Every structure is written in C-alpha cells, then in structure tokens.
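Notebook open, structure loaded. I'll jot down what I look up as I go.

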Amino acid sequence: MTELSTNTPKPRDVSAIVTAGLAKRYAAERRFRAFGIAAIAIAVAFVALLFSSIIGNGYTVFVQTHMRLDVELSADAIDPKGTRDATVLARGDYAGLVKGALRERFADVKKRRDKRKLHGLASQGASYDLRNMVLADPNLIGQRISVWLPVSDDADMLIKGHIPRHTGEGSRRISDKEIAWLDALAEAGDLETQFNVRFFTSGDSREPELAGIWGAVVGSALTLLVTIALAFPSGVATAVYLEEFAPRNRWTDLIEVNINNLAAVPSIVFGLLGLAVFLNFFGMPRSAPVVGGFVLAIMTLPTIIIAGRVALTSVPPSVREAAYGLGASPVQAVFHHVLPLAMPGMLTGAIIGMARALGETAPLLMIGMVAFIVDIPGSFTDPSTVLPVQVYLWADSPERAFMEKTSAAIMVLLAFLIVMNGAAVYLRKKFEVRW
Amino acid sequence: MQLTILLATLLILTVIGFHMGRSRAVSTAVSGIGHLNSLPSYYGIYVAVWCGVPAGVVLILWLLFEPQVVETLVVAGLPEAARTLPENKLDLLLNDIRNLAVGNIVSRDVDPEMQRAADHYASIRRMGGAAMIGVVLALAVAGIGFGRKAISPELRARTRIENVLMVFLIGCSTIAILTTVGIVLSLLFESLRFFQLVSPVEFLFGLEWSPQTALREDQVGSSGLFGSVPLLAGTALISFIAMCVAVPVGLLSAIYMSEYAASKVRSAVKPLLEILAGIPTVVYGFFAALTVAPFFRESGNLFGIGISSESALAGGLVMGIMIIPFVSSISDDVISAVPQSLREGSLGLGATKSETIRRVILPAALPGIVGGILLAVSRAIGETMIVVMAAGLAANLTANPLEAVTTVTVQIVTLLVGDQEFDSAKTLAAFALGLVLFFITLILNVAALSVVKKYREQYE
C-alpha cells in the first residue's frame with residue numbers, strides 16, 4: 001500500500017501532466033483532421049481533373065468547321081449521258097468537283113505539291129455531301145451552287161485551336177501555306193463552324209471528321225437489351241428463390257458462395273468464358289450484340305441478385321402473413337404481394353447493374369466486339385461495337401482529331417450513365433417505403 | 001427475320017392457349033366457377049405453359065446446336081481430300097462454303113466441288129429451318145390441344161403451375177453455379193491444351209515472357225517463351241502502387257466522413273466520391289494515357305529522370321483513384337459497425353477524437369478493413385482497361401515504378417484481340433493466364449469475405 005501511495009502522483013500533478021501534454025495532443029488532433037480533409041480534397045481534385053481534362057478535350061466536337069465553296073456541278077463529271085439514273089449519279093466524280101472548286105478559289109496555286117495540299121483541305125465527306133445533294137435533287141446538275149462543305153480533320157483541329165499555330169512548321173501536321181489558305185477563307189467569311197450532325201448520326205470511320213458514335217450507341221442499346229432481357233428475369237427469380245423458398249442446406253449455401261464470388265471475379269474472365277463457350281463451343285457469331293449481351297448478363301447477374309435479395313428482405317413479414325391469412329398460397333403471397341412491393345428496389349438494382357454493363361469494355365474485347373465497323377448494326381447478330389469499345393478504339397488512333405472524338409464519346413457515355421444512375425436514385429426516392 | 005416471325009407466332013399461340021384454357025375451365029364448371037379447383041386464369045396459364053414451354057425448349061436447343069450439326073453434315077459430304085485437311089484449313093474452307101451459299105465474297109476460286117458443297121449447305125439449312133418451324137408450331141398446337149383436354153374442375157392447375165414455377169426458380173438459381181463451373185472448365189480445358197505445348201514449370205517459374213512463336217526456324221525475336229513471372233511481378237507492382245494511393249486516401253476520407261464531417265458536408269461529398277465509382281474503367285484508361293502519363297514524363301524530363309511514357313506509376317496511380325471509392329465505402333461500413341459504446345468509453349476517459357479513432361476504433365475495425373483491402377487488391381489485379389491503355393506490352397522484370405511493365409490482363413487482351421488460331425500456344429497461353437488470374441482473385445475474395453464475415457459476427 002505504502003509503495004503504491006508514494007508512486008501515485010498527487011491530483012495536482014496529474015492535471016499538470018495532462019495540461020502539459022494537451023498542446024501536443026491537440027496539435028495531433030488537428031493534424032489528423034487535416035489528413036482527413038486532405039484525403040477528401042485529393043479525391044475531389046481527381047474528379048475535377050478527370051472531368052476538366054475530358055470536357056476540355058471534347059467539347060469542341062459539337063461543332064465542325066465548314067467552308068463555303070462555289071461548286072460547278074457540271075454534267076460532264078456527274079452524268080455525261082444525261083440519263084439521270086440514280087446509280088449513275090451516285091458514281092459521279094464529286095471529289096473532282098470539290099478539287100476543281102478549290103483550285104478555282106485559289107487560282108494562284110500552281111505547283112503540283114501545293115495543289116495536292118490544297119485538295120487536302122476539304123474532307124472526303126465533302127464529296128459525299130455533294131453526292132447526297134445531287135441524289136436528292138438531280139435538277140442541280142449543270143448549276144453553279146454555293147455550298148458549305150466540311151474541311152479535313154487537320155484544318156478543323158487548327159480552327160478549333162487544338163493545333164498551335166506558332167510552333168515551328170515541322171512540328172505540326174499542317175503547313176504554313178495551308179494555314180494561309182484557311183485564313184484567307186476565314187477573312188472572306190467563307191469559313192464557319194456549324195453544329196456537327198455527322199458525329200451523332202454516322203458510324204465509325206477512318207477519317208476523324210467523318211467518324212460518328214451512332215453505330216456504337218445502337219450497338220450498346222442492342223447489347224443492353226439482350227442483357228436486361230436475360231439478366232433481370234433470371235436475377236429476380238434467383239433472388240425470390242433464395243430469399244423466399246429455398247431450404248437452408250448445402251446446395252443453397254453453395255449457390256450463395258458462388259454468387260458472392262462471381263460478383264468479385266474480374267470482368268475479363270467473363271470474356272474468356274464467352275470466347276470459349278459461346279463462340280468456340282456454340283459457334284455463335286463474333287462481334288455480335290447477342291453474344292455481348294449474354295456475357296454481360298452473366299456478369300451483371302450477381303449485382304441484380306444481391307440487390308433483389310436486399311429489396312425482398314426489406315418487405316416486412318407481416319405482408320406475407322396477411323396474405324397467408326387471406327388464404328393465399330406461399331407462391332401467391334410472394335408473387336402477388338411481396339414481389340410488387342420489392343419491385344422498385346429490384347429495378348434500382350437492375351438499372352445500376354445495367355449502368356455497369358454499359359461501361360464494361362474488357363469482356364467485349366474478348367468476343368471480338370472490337371472490330372472496325374462502319375455500318376450501323378441493324379439486328380442482334382450484326383457485327384457491331386459498343387460505346388466504351390469505341391472509346392478504346394479511338395483512343396488508340398494517332399490523329400489529334402480522334403482525341404477530340406474520344407473525349408466526346410466519353411462525354412456521351414458519361415451522359416448515359418448519369419441518366420441511368422439518376423433514374424435509379426429517382427426510383428429509390430419515389431418508391432422507397434419506410435415500414 | 002424468320003425467327004422474329006416464328007417467335008411472334010409462338011407468342012400469339014400462347015396467348016390464344018391462355019384464353020382457350022380459361023374459357024374451357026369456365027365452361028366445364030357447370031355448377032359455377034366456385035367449384036373449380038383453382039381460379040380460371042390458372043387453367044389458362046396451364047394451357048399456355050403446355051403450348052409455349054415444349055416448343056420454346058425445342059427452339060432454343062435448335063438455335064444452340066444447329067451450326068454444329070449443319071457443319072458436321074457438310075463436312076461429311078465433302079470429298080475425302082477436304083475432310084482430312086488440318087482443322088484450321090477446314091475451317092477456312094467451311095467459311096468459304098458458307099459465304100458462297102449466302103452469296104458473299106469468297107476468298108478462293110470456286111470449283112464445282114465447292115459449289116456442290118455450298119448447295120448442300122444451303123439445302124441442309126433450308127430443310128433444317130423448315131423442319132424446325134414445322135416442329136415448333138406443331139408442338140405448340142399439340143400443347144394447346146393436350147392442355148385443353150386435360151382441363152376438368154378437378155385438375156389442380158394452381159399446384160401444377162406453382163411446381164413449374166418452382167422448377168424455373170431453381171433453374172435460374174443454378175445459373176450462378178453453372179457459370180462458375182463454366183469458367184473453371186473452359187479455363188482448365190484450354191489451359192491443359194496449353195500445358196501440353198509448354199511445361200507448367202516453365203509457365204509458373206520462367207523469367208521471360210515473349211509469346212511470339214516463330215513461324216520459321218531462324219526468325220529473330222520470336223522465341224516463344226512463356227514464363228509468367230514478369231507478368232505477375234508487373235501486376236503486383238501496379239497493384240501495389242494503386243493500393244499506396246487508394247488505401248490512405250480511401251481510409252482517411254472514410255474516417256473523416258464518418259467521424260468528423262457535418263451531415264451537410266457528408267451529403268455533398270459522398271456523391272462526389274461515388275461518381276468515381278461509376279466511371280467506366282476505359283475512361284480512367286484514357287485519362288491515364290492522355291493526361292497522367294505525359295505529365296509524369298514531362299516532369300521527369302524536367303528533373304532529368306527518364307520516366308517511360310507507359311510507366312507503372314501512371315497506371316498504378318490512376319488505378320488507385322479508381323479504387324478509392326471502393327476502399328472508402330467498405331471502410332465506412334466497417335467503421336460505422338463499431339459499437340458506439342467503444343467510442344463513448346474512450347471519449348469518457350478523456351481521449352481526443354483522433355486518439356479514439358487511432359487507438360480504439362481502428363484496432364476494433366481492423367479485420368474488416370483488412371478484408372476490404374483484400375477485396376480492393378483483387379479488383380486491382382483483375383482490372384484490365386486502365387493497364388491495357390496505360391501500361392506497356394514488353395515484359396520487364398523490374399521493381400522500378402518509372403519503367404514500363406506489363407500485367408496479366410494486358411497480355412490476355414493482346415493475345416486474344418485480333419486474329420486467333422486455337423491450336424497455337426500463343427492463344428492458349430491467354431487461357432492459362434486467365435486461370436491464374438481467376439484463382440488468385442478467388443483466393444483473395446474467399447479470404448476477404450471470410451474475414452469480413454467473422455468481423456460482422458463479432459459485433460452482432
């Protein structure tokens with residue numbers, strides 16, 4: 001006892017020790033807090049950096065530079081025999097007309113090399129545009145019209161400011177002469193940026209200024225349709241079985257372990273599964289939305305099942321008991337009462353699963369949805385690509401203009417994701433029932 | 001197109017079956033529908049099931065197996081010389097026959113033998129298609145007839161329907177098991193074929209990876225070496241960098257959010273962090289390749305350090321950003337599961353908030369956090385698009401984060417994207433890598449889930 005009392009400091013000493021350490025401890029407290037704030041600030045800064053870098057690169061895609069040219073739609077080049085037959089009209093030398101109009105505009109360009117550069121100012125799409133105009137109205141043949149035609153991707157990038165003007169000529173893809181011609185056009189008011197319809201209506205292309213995302217959007221839509229048609233019913237059925245009917249035994253334990261594991265299997269493994277089973281074993285077509293849908297359905301199934309089970313457990317047992325009391329069978333109680341009440345939660349889970357499937361790339365690379373496809377897919381078995389794969393393909397292309405397209409495609413992809421997640425949040429808020 | 005019409009017809013027949021069944025049930029119940037065993041619509045569904053299910057099953061089986069059956073028949077009809085061709089040549093020939101039959105461009109001159117085969121192919125497909133339509137529709141109509149005949153007031157239609165439904169539910173819930181079995185079998189099967197070409201010892205312990213197999217004997221740089229160690233090391237390096245970013249940032253922000261932040265801040269910042277979780281990985285990949293990697297290279301140049309433009313650092317950093325929300329949401333869950341009494345006890349003894357967190361809450365939550373981090377590691381290892389777009393292709397065995405390394409997933413993608421032939425070691429190696437990836441992530445997941453589960457039980 002005596003020993004203890006001698007070693008125990010007197011009360012005043014204790015408070016002195018505590019007070020002496022307080023400043024240090026409070027400093028530690030402030031430091032710790034600062035670390036927390038710094039961590040959040042870093043995370044938020046990354047979000048901001050990511051969005052600003054993508055939007056900064058991609059916002060200019062909504063417009064496309066066009067130049068005004070006076071084109072002589074001479075009958076010789078389009079329809080020498082005057083048949084006005086659509087197949088003849090479609091084969092006319094419209095590229096030659098565009099070139100002629102450019103040469104006429106810049107009559108002082110004489111050297112062959114310069115002429116070739118001059119011709120390069122107009123996009124290949126210019127001749128397609130002319131052809132479509134003539135096909136729509138054959139009476140234009142023989143007339144001289146003033147039209148707005150798209151410029152090439154390098155010229156477009158220069159006008160939009162993505163290619164710096166003041167660096168040395170050797171280090172940019174566009175020469176001083178070309179810049180001078182473009183400036184001359186701009187001074188005459190014959191150069192302007194117009195809303196880029198093509199980007200939203202056409203498929204992929206090797207020419208950046210002609211490439212659009214509509215093909216990828218349609219491919220994504222077809223793939224997701226297959227995914228939701230397969231994954232939602234089977235996911236809901238699994239959730240209902242496990243939550244409402246399954247006996248507790250080894251078999252159901254095994255199913256649960258499997259579902260939890262599948263939720264964490266890397267997505268590329270599902271792609272390998274699709275390649276080995278759907279393509280090689282069942283001989284399904286490569287690059288087809290139907291196979292993509294199968295793979296993504298298997299991949300999203302765990303998400304839908306887990307969300308579905310949570311939604312089912314949140315329905316109170318009293319609902320089931322009331323149904324039994326009124327003479328419903330267990331199946332009737334579930335399908336007439338519990339399931340409708342759990343449906344909003346299940347739909348929310350399904351939408352979140354779909355959003356994840358929409359952004360998924362790796363497994364689709366495995367089943368060949370990475371091909372270069374120009375046509376807009378028309379059915380579930382047509383070769384097609386999807387939005388994230390399109391992003392990947394464009395990101396791989398060296399042209400500066402594809403960087404803009406990639407960022408723009410990402411913006412479109414993110415817009416879809418925001419809409420889907422917003423819908424999920426709305427559903428949850430609107431139909432959430434607090435029991 | 002044909003298929004769409006067939007499906008629509010089948011659907012209409014099913015609806016007709018439903019109505020026929022229901023009206024039949026009502027009309028057989030001479031003494032009022034109260035004497036029926038089940039509600040009338042159950043009889044309708046009973047007939048509809050008889051109409052739709054057998055026909056649907058036949059249709060699905062036909063769709064799944066038609067290509068193989070047709071192929072076998074066409075091959076059987078080919079001349080002896082063609083049948084004994086090696087597999088890949090035979091595939092090319094079949095492809096040409098198929099294209100010829102549908103009128104596409106063919107890659108070789110058409111000889112009469114091929115024309116005959118193509119005609120044979122077309123006729124088999126035509127006959128098969130017609131037979132399938134006939135069988136499906138006949139089954140549907142017969143189903144309606146059978147179901148309708150079976151209807152009587154004593155028929156326990158509801159029980160029957162519920163049994164069918166239960167079979168459907170159980171069937172759906174086994175999909176998860178079938179998927180796992182499918183993954184394991186397909187990876188294992190192709191890997192075994194790979195290991196017939198390359199010894200497992202070389203694959204697991206070899207220090208060099210250069211999967212280009214030589215076409216000629218004397219070809220340079222195509223040694224066909226399949227040592228997976230550099231890939232695993234590269235994966236580990238990038239994942240480690242990712243965790244160095246994700247764990248501190250994720251954990252600290254979770255702690256701040258759950259212990260310090262006012263609810264207003266919380267409700268503003270949490271969705272921002274969740275945005276990171278919802279961004280597709282291909283976007284992160286683009287961000288890494290476009291913004292982060294050039295930034296590192298430039299700043300390296302500034303200090304005179306050579307940083308590869310495909311450095312492990314850039315890929316790892318961006319991957320870490322991707323995983324931040326994952327770590328923070330799991331840590332958040334785990335920290336809020338720590339009982340309030342522990343916090344109050346510590347605060348009551350005079351500890352400051354940070355002391356409480358560091359000395360009481362974190363130790364208590366540690367198992368759960370470790371489990372969460374294991375899950376995050378498994379996600380980092382399996383992540384594909386970021387590394388495909390931002391990491392290198394050459395397999396360097398290095399621990400220097402400024403150099404380019406390659407990962408397992410990058411190699412799977414490069415080996416399998418593009419032209420494939422299914423008997424080369426190069427293609428099969430991708431499946432062996434997939435198997436390794438699957439097992440590593442499986443072990444991590446199982447370990448993590450059991451740790452988290454134990455932790456949950458501790459505080460329940």
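**Leu149(A)**

I started at Leu149(A), which sits in strand β2 (residues 144-150) of chain A. This is a predicted model, so I'm keeping the confidence scores at hand. Buried or exposed? I looked up Leu149(A) for that. Leu149(A) counts as buried, because it has 21 C-beta neighbours inside 10 Å and the cut-off is 20 or more. Next I listed what Leu149(A) touches, skipping residues up to four places away in sequence: His66(A), Met67(A), Leu69(A), Val98(A), Ala122(A), Ala126(A) and Asp129(A). I also checked Thr65(A): its C-alpha is 8.5 Å from that of Leu149(A), with the two positions 84 residues apart in sequence.

**Confidence**

How does the predictor score the complex? I noted an ipTM of 0.87 and a pTM of 0.87. Chain A has a mean pLDDT of 86, with 97% of its residues at 70 or more. Chain B averages 85, and 94% of its residues score at least 70. By element, helix α1 (residues 2-7) of chain A has the lowest mean in its chain, 53, and helix α15 (residues 317-325) of chain A the highest, 94. In chain B the low end is helix α3 (residues 80-83) at a mean of 72, and the high end is helix α13 (residues 340-348) at 93.

**Domains**

I pulled the domain assignment for chain A: domain 1 (2-59), domain 2 (61-203) and domain 3 (214-431). The C-alpha centres of domain 1 and domain 3 of chain A are 43 Å apart. Their contact takes 4 residues from domain 1 and 6 residues from domain 3 of chain A. On the domain 1 side I get 2 nonpolar, 2 polar and no charged residues. For chain B the assignment gives domain 1 (2-165) and domain 2 (223-458), and 48 Å separate the centres of these two over C-alpha atoms.

**Helix α11 of chain A**

I took helix α11 (residues 214-245) of chain A as a straightness check. It has 32 residues and reaches 45 Å from first C-alpha to last, close to the 46 Å expected at 1.5 Å a residue. Of those 32 residues, 24 are buried, so α11(A) is largely enclosed by the rest of the structure.

**Ser287(A)**

I went through backbone angles too. Most residues other than glycine have a negative phi. Ser287(A) has a positive phi of about 60° although it is not a glycine. I placed Ser287(A) in the loop between α13 (267-281) and α14 (289-313) of chain A. Ser287(A) is buried, with 22 other C-beta atoms within 10 Å.

**Cores**

Which residues have the most contacts inside the largest nonpolar core? That core has 184 residues, and I wrote down Leu387(A), Val391(A), Ala246(B), Ala288(B), Val318(B), Ile386(B) and Ala390(B). Helix α9 (residues 229-260) of chain B gives the most to this core, 17 residues. Apart from it lies another core of 26 residues, including Ala126(A), Leu182(A), Leu185(A) and Ala401(A). I then followed Ala246(B), leaving out neighbours within four places in sequence: its contacts are Gly320(B), Ile323(B), Ile324(B), Val327(B) and Ala376(B).

**Chain A against chain B**

Last, the contact of the two chains. It takes 66 residues from chain A and 69 residues from chain B. Helix α2 (residues 11-58) of chain A supplies the largest share of the chain A side, 17 residues. I sorted that side by type and got 48 nonpolar, 15 polar and 3 charged residues.

Technical notes
Residues numbered from 1 in each chain as written. Chains lettered and ligands numbered in written order. Predicted model: local features only at pLDDT ≥ 70, side-chain atom pairs only at ≥ 80, totals over all residues. Helix = DSSP H or I, 4+ residues; strand = E, 2+ residues; numbered from the N terminus. Expected span 1.5 Å × (residues − 1). Buried ≥ 20, exposed ≤ 12 C-beta atoms within 10 Å, placed from the backbone. Core = buried A, V, L, I, M, F, W, Y, C linked by C-beta atoms within 7 Å. Contact = placed C-beta atoms within 7 Å. Nonpolar A, V, L, I, M, F, W, Y, C, P; charged D, E, K, R; others polar. Domains from an automatic or database assignment. pLDDT = per-residue confidence, 0-100.
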